[in-house]
Each structure stands twice: as C-alpha cells, then as structure tokens.
Amino acid sequence: MNGAGIGTAEWVMERCDDLTRHSSRADALERVYLSPEHSAANMAVRAWMLDAGLDTETDAAGNLWGRRAADGTPQRPGTPGEPALVLGSHLDTVPDAGRYDGMLGVVLAIAVAHRLRDVPLPFALEVVGFSDEEGTRFGKALLGSCAASGQWDSAWWDQADADGVTLREAFLQFGLAPDRVGDAARDPADLVGYLEAHIEQGPVLESANLPLGYVTSIAGARRFVVTFTGEARHAGGTPFSRRRDALVAAAHLVTRIEELARATDCLATVGDIRVEPGAVNVIPGLAELTLDLRGRTDDGRDALWEQISAAGHDIAQERGVKLEVVETHRAPSTACAERMQAAVAAGIREATGTTSATSAAGAAAPSNSVLGLWSPAGHDGMAMDAVTDVGMLFLRCRDGISHHPDEHVEADDVGVALDAFTEAVLALAREQEEAR
Ligand code: GLV
Ligand code: MN
Ligand code: MN
C-alpha cells in the first residue's frame with residue numbers, strides 16, 4: 001500500500017485507484033455481482049476495514065460488512081450488540097465505469113470509521129460494501145441491499161446473465177448458499193440508520209459552485225426488457241409489404257419513448273438493444289431492448305410507463321410483430337429521513353462554515369443550511385429504507401459525468417466530505433445521547 005495515511009483524502013483517492021485493478025476487462029473497469037473481481041475487491045476492502053479498526057464479515061449475499069462496538073472495539077458483524085449506524089455504498093460497477101460511483105462511498109466510510117476509532121459513540125458503527133447496486137449482470141438492481149433489507153424475492157433466482165448463468169448458479173459458483181440468503185437480512189431493531197456518501201452524478205453542485213449537498217429524496221425506478229418478435233427473412237427477396245421487421249418496430253418505440261418522456265419530468269433511457277439473427281442481409285426477426293425509467297414520484301413514473309406500453313402495443317399492431325414485456329426491476333422513490341437530512345446538512349455546515357440558505361431543483365431546505373437536492377440516480381438507500389432511516393451526502397463531480405471512465409472528483413472536495421461525513425455521524429451521536 002502506498003503513502004497517504006488512512007483517514008485522509010489522499011488515502012481515499014488512492015484506494016479508489018487501487019480498486020480499478022479488480023476488473024473483468026484489461027481496457028476498462030467492469031466489476032459485476034458474484035464475479036471473481038467482486039471477490040477480489042471484497043478482499044482488498046476487507047484489509048482496509050481491518051486497518052481502520054473494524055472486524056469484518058461477508059454476508060449471505062456477498063455484501064462485505066465491517067463493525068466496531070460503541071466503545072470502539074472491533075466487533076464481528078452479526079454478533080449481538082448495540083444497534084448500529086451503517087455507513088457505506090456499493091462495490092459493483094456498470095460496464096466501462098468510472099472509479100468513484102459506489103467505491104468512493106465505501107472507502108470514504110472506512111476513512112471516517114478510522115477517524116472515529118478512538119471516539120466512544122452511543123451506537124455501534126458499521127461500514128458496508130454492497131455487492132450489487134447497478135444490476136449490470138442480472139438486470140435486477142439493488143440485489144445486495146435488497147438481501148440486507150430482507151426484500152429478496154425468490155422469483156429472481158432464475159434471472160440469467162448474458163451467458164445464461166442464473167442468479168442461483170452464480171451464488172453457488174461464488175460459494176454462497178442460495179437457501180441461506182435470508183440470513184443477510186438485517187433486523188430494523190439492530191439499526192440506527194444508513195448514511196451514504198456518493199458523487200452527485202449530475203451537474204447541480206458544480207453549477208452552484210459547491211463541493212457538497214445533502215439528498216432530500218431518491219427517484220423511483222423501473223426497468224424492463226421489451227421484446228419485439230417479427231420474422232427473419234431475406235433482405236433482398238422480401239418486399240416491404242411482406243416484412244415484419246422487429247428492429248424497425250423497436251426503433252420507432254425508442255424515438256417515441258424519448259418524445260413521451262420529454263413531455264414529463266421523468267427520465268427514460270433505452271440503454272441496450274439486441275437483434276437476432278444479427279446479419280447484414282437478414283431482416284431482424286427479434287429485437288430486444290432495455291428500458292430504464294425514473295421519476296421523482298412513483299405515480300409520474302408509472303403514468304409514463306402506461307403511455308410507453310400503449311405506444312409499444314400500437315407499434316406492434318401496425319407492424320404485425322409481437323410485443324412482450326418483462327419488468328426486471330422496480331424500486332420506489334425514497335425520501336431521506338428528516339433527521340438524517342438534518343445530520344448531513346449539519347455536517348456540511350460544520351465542514352464548510354456555510355450559513356446562507358440555498359436549495360436546488362425544488363428541494364426542501366431544512367433550516368438555514370446548505371444545498372439540498374433530489375437524486376435521479378438510484379442508490380442502495382432505496383432498499384435500506386425498508387429497515388432503517390436513510391440519509392445521503394453528495395459530492396460534486398466534474399461536468400456531472402458518471403457511468404463513464406471520465407468520472408472525476410477533486411481530492412479537496414473529498415477532504416471536505418470526510419469532515420462533513422464525520423460531523424454527520426457525530427451529529428447523530430449527539431441526537432441519540434440527547435434522546436436518552
Ligand atoms: C445506478 O447508478 C443507477 O442509478 O442506475
Ligand atoms: Mn451507478
Ligand atoms: Mn452508485
């Protein structure tokens with residue numbers, strides 16, 4: 001391990017760099033759920049957790065946990081003890097990812113745990129590296145945090161990756177027992193809250209010239225696989241009147257999706273299309289596309305889906321093709337708990353000396369505080385909200401770019417975030433002590 005001391009911004013930046021080694025691709029960062037790289041990243045992060053004074057455990061869904069008791073003693077996660085405040089984020093990535101989405105929040109949480117290692121707290125402190133937030137491998141996102149929040153659905157076991165490996169098979173290959181997944185579920189009585197630091201993945205903080213903001217809510221998401229089935233035929237011998245071209249139907253739907261979404265305050269993205277048989281001189285007989293929908297409210301998002309679904313059926317009928325839809329992921333919009341928002345805002349105020357009131361994107365601003373913003377991007381808190389109060393700290397990222405290798409955060413901003421996140425933990429500690 002090189003130079004910088006644990007707990008510093010430089011250490012956090014270096015560890016995010018280190019984690020890029022654990023990738024399935026030599027030319028890019030990609031680390032998906034239950035892969036050899038997932039295992040290697042867990043091993044690396046485990047060592048840092050131990051250095052920070054945490055004892056560690058991998059749970060029944062491949063999430064990595066570290067824990068110290070209220071008095072600062074390292075304590076095995078899962079052993080009975082005081083309720084815990086959990087800090088963390090995820091260690092999996094999208095394809096060709098940046099190095100901060102998720103990883104920054106895990107490493108920063110470890111650095112904060114190190115800073116507080118000699119400080120007695122009124123609760124235990126845990127750090128988690130969730131195993132699957134992105135849903136890159138199996139289409140269903142938040143698998144790690146759904147297991148930790150007791151929301152595992154046995155319908156997911158047969159979902160397969162691009163190579164046809166099912167989630168059940170991947171569990172076994174990773175050395176996990178599918179029938180034990182319920183053991184990963186946390187009891188709400190054992191939790192004080194869940195706090196996550198994450199890059200913003202958007203332009204709001206940069207535009208406002210601020211390093212940090214607190215999150216007010218997280219958008220609700222749904223994901224679908226939409227399949228048009230027509231007929232594969234000769235590209236030369238088949239006149240237009242005889243064609244049932246699945247890709248042309250899909251293309252019409254893609255542009256219609258954008259039109260429909262632009263008329264709302266929701267976001268809709270077709271991120272992938274697969275065509276069969278996929279030959280230059282064959283009319284596509286099958287086109288399968290993915291759809292990612294997000295809305296500030298679940299009702300708005302669902303209303304948009306109804307319009308998209310109707311458009312898909314109309315297009316299928318006009319073009320004589322069959323339409324099938326499978327929903328692969330659904331997560332409700334999630335409000336960050338008032339007390340967690342207040343703690344993160346207090347941490348930011350403490351770390352930055354901010355006194356003036358600001359709010360962005362219609363977000364509510366508690367007291368005379370710092371910038372509050374909602375998150376169109378998804379986060380593990382959407383699942384953890386089922387078992388405990390959730391709060392988030394956002395860090396400015398350059399050009400708002402994320403899910404791209406150019407993702408970048410400044411070390412100076414990480415330094416302020418470390419101070420703010422530490423102060424947020426201490427604010428929650430004070431609140432708990434006052435309530436006693
Ligand atoms: C996760 O990054 C998501 O919002 O898709
Ligand atoms: Mn992401
Ligand atoms: Mn993320």
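**A helix crossing and a pair of manganese sites**

Helix 9 (residues 338–352) and helix 11 (residues 411–435) have axes that come within 7 Å and cross at roughly 130°. That angle is why helix 9 counts as oblique to helix 11. The model is a predicted one.

Two packed helices are described by the angle between their axes and the distance between the axes. Handedness can be added here. Helix 9 passes helix 11 in a right-handed crossing. On the helix 9 side, the contact is made by R339, M340, A343, V344, A346, G347, I348, E350, A351 and T352. Helix 11 contributes V416, D419, A420, E423, A424, A427, L428 and E431. By character, the residues of this contact divide into 11 nonpolar, 2 polar and 5 charged.

Now turn to the metals. Which residues coordinate the manganese ion (ligand 3)? The donors are H90 through NE2, D101 through OD and H198 through NE2, at 2.0 to 2.2 Å. Along the sequence, these donor residues are spaced H-x10-D-x96-H. H90 lies in strand 3 (residues 84–90), and H198 lies in strand 5 (residues 191–199). The two histidines therefore tie together parts that are 108 residues apart in sequence. Both H90 and H198 are buried.

The manganese ion (ligand 2) has its own set of donors. D101 (OD) coordinates this ion, E134 supplies OE twice, and H403 supplies NE2. The distances run from 2.0 to 2.6 Å. Along the chain, the donors follow the spacing D-x32-E-x268-H. D101 lies in the loop between strand 3 and helix 3 (103–115). E134 lies in the loop between strand 4 (124–130) and helix 4 (143–148). The pair D101 and E134 therefore ties together parts that are 33 residues apart in sequence.

What links the two sites? D101 bridges the manganese ion (ligand 3) and the manganese ion (ligand 2). The two ions lie 3.6 Å apart.

Are D101 and E134 buried or exposed? The cut-off for buried is under 20% relative accessible area. D101 has 5% relative accessibility, so D101 counts as buried. E134 has 7%, so E134 counts as buried too.

Put the metal site together around D101. This residue coordinates both manganese ions. For ligand 3, D101 is joined by H90 and H198. For ligand 2, D101 is joined by E134 and H403.

Notes:
Residues numbered from 1 in each chain as written. Chains lettered and ligands numbered in written order. Predicted model: local features only at pLDDT ≥ 70, side-chain atom pairs only at ≥ 80, totals over all residues. Heavy atoms only, no water. Axes fitted to C-alpha atoms, helices over the stretch in contact; angles between N-to-C directions. Helix = DSSP H or I, 4+ residues; strand = E, 2+ residues; numbered from the N terminus. Parallel < 35°, antiparallel > 145°, perpendicular 65-115°, else oblique. Left-handed = near helix turned anticlockwise from the far one by under 90°. Contact = heavy atoms within 4.5 Å. Nonpolar A, V, L, I, M, F, W, Y, C, P; charged D, E, K, R; others polar. Donors = N, O, S within 2.8 Å, 3.2 Å for Na, K, Ca; no water. Buried < 20%, exposed > 50% of the residue type's maximum accessible area, 1.4 Å probe, protein only.
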